[in-house]
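Work through the exercises below with the sequence and the model open. Each task is followed by a solution in steps.

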Amino acid sequence: MARPDILVVAGPTAAGKTAVSIAMAKRYGGEVVSCDSMQLYKYMDIGSAKPTAEEMDGVPHHMVGVIDPREPFSVAVYQEMAKAAIADIVSRGKLPVICGGTGLYLNALLYEMDFGPSRRDDAYRRELEDFADKEGNEALHARLEGVDPAAAARIHPNNRKRVIRALEAAELDGRPLDAFESVRRKSDSYHARMLGITWDRPTLYQRIDDRVDQMLADGLVEEVRGLMDMGFTSDDIAMKGIGYKELLDCFAGLYPMEEAVRLIKRNTRHYAKRQLTWFKRYEEMVWFNGSDYPDTESWLEDMYEWADRRS
RNA sequence: GGUCCCGUAGCCAAGUGGUAAGGCAGAGGUCUGCAAAACCUUUAUGCGCCGGUUCAAAUCCGGCCGGGACCU
């Protein structure tokens, strides 16, 4: 049985992944599998820039609005669910179009990442957190050095989250993170064609600013208020998303609305930059820079041509 | 016209004689269970301009330019 082909559309936020992935799905008889850590959640529509029913234009979408923000979620769960969705699409003879903004989640599909049984232990994490508060980051890092020297060498002592996760894996799971490195290779489950979309930096940043303004005009404030009414607080993981956390802090009286908007734009720019750094690592990715084209049509035309050639 | 204060990176800003803190923005990067997260690296041969004093000046002196306050 031939490996199923999948098409990956990746790029920084606000580049236009949604429109491109839907256009691709329509042209090649595909269905979109979202690879986005925020669009997964229910009730968070405007702030996570979910495609509207109108935008979807009849193209089925998977992994969008399927998780309650209260549920614990992780990349391991994403991997399992997304792979099932891809298998389902392939079984129906359709093309899975992975629309990706979350690098780690994309890696979970493209690489042989074995997460094993769930070993997340919040109590243990808290214990390590307390230890670090009292003894310092260096002391925590030294503990890791004792059980998983390779991981300790890779993780900066200040990166407490990672140090704690590595300790959790080594001490609780008995499987040092370093063991995963050996299986860190390209997955042979899929033959992925990688399409990267981007813009010149100033244009991308302008698009981000404009989109944030649009989200506010579309009712982001009301959406966040609604989530607060449902009982969500800034402690909830899903509320750590850009646009949500700033507005929550604003409502809590930490700063005025004007400042919240400024922070949302700035944080989104930072995020876009990190995404770009992540996606640059995919050498097989072919980039299409929207700034090189006079209009969306010619931009898409070039992508179609590339896709036709590679098919 | 006079008196006083201020002028340090794109922005905020410390530094009052010994060879330019820090923060923000920007740029680059890391990445196997919170990833829209977390973390790392990097940014002034230069302190408004010109001259002087000194072994040594962002720091002291003089002049000029620019901004502000007050007085007439």
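**Exercise 1.** State which residue follows H3 and what sign its phi has.

Solution. Gly 93 follows H3, and its phi is positive, near 75 degrees. Helices are DSSP runs of H or I with at least four residues, strands are runs of E with at least two, and both are numbered from the N terminus. This is a predicted model, in which local features need pLDDT of at least 70, side-chain atom pairs count only at pLDDT 80 or more, and totals for chains, interfaces and linings use all residues. Residues are numbered from 1 along each chain as its sequence is written, while chains are lettered from A and ligands numbered from 1 in the order in which they are written.

**Exercise 2.** Compare the expected span of H3 with that in the model.

Solution. Step one: H3 covers residues 75-91, which is 17 residues. Step two: the expected span is 1.5 Å times one less than the number of residues, which gives 24 Å. Step three: the end C-alpha atoms of H3 are 24 Å apart, which agrees.

**Exercise 3.** Find which residues of H3 are buried and where they lie around its axis.

Solution. Step one: a residue is buried if 20 or more other C-beta atoms, placed from the backbone, lie within 10 Å of its own, exposed if 12 or fewer, and partly exposed in between. Step two: Tyr 78, Ala 82, Ala 85, Ile 86 and Ile 89 are buried in H3. Step three: these fall within an arc of 100 degrees (by the directions from the helix axis to the C-beta atoms), so they line one face of H3. Step four: Ala 84 and Ser 91, on the other side of H3, are exposed.
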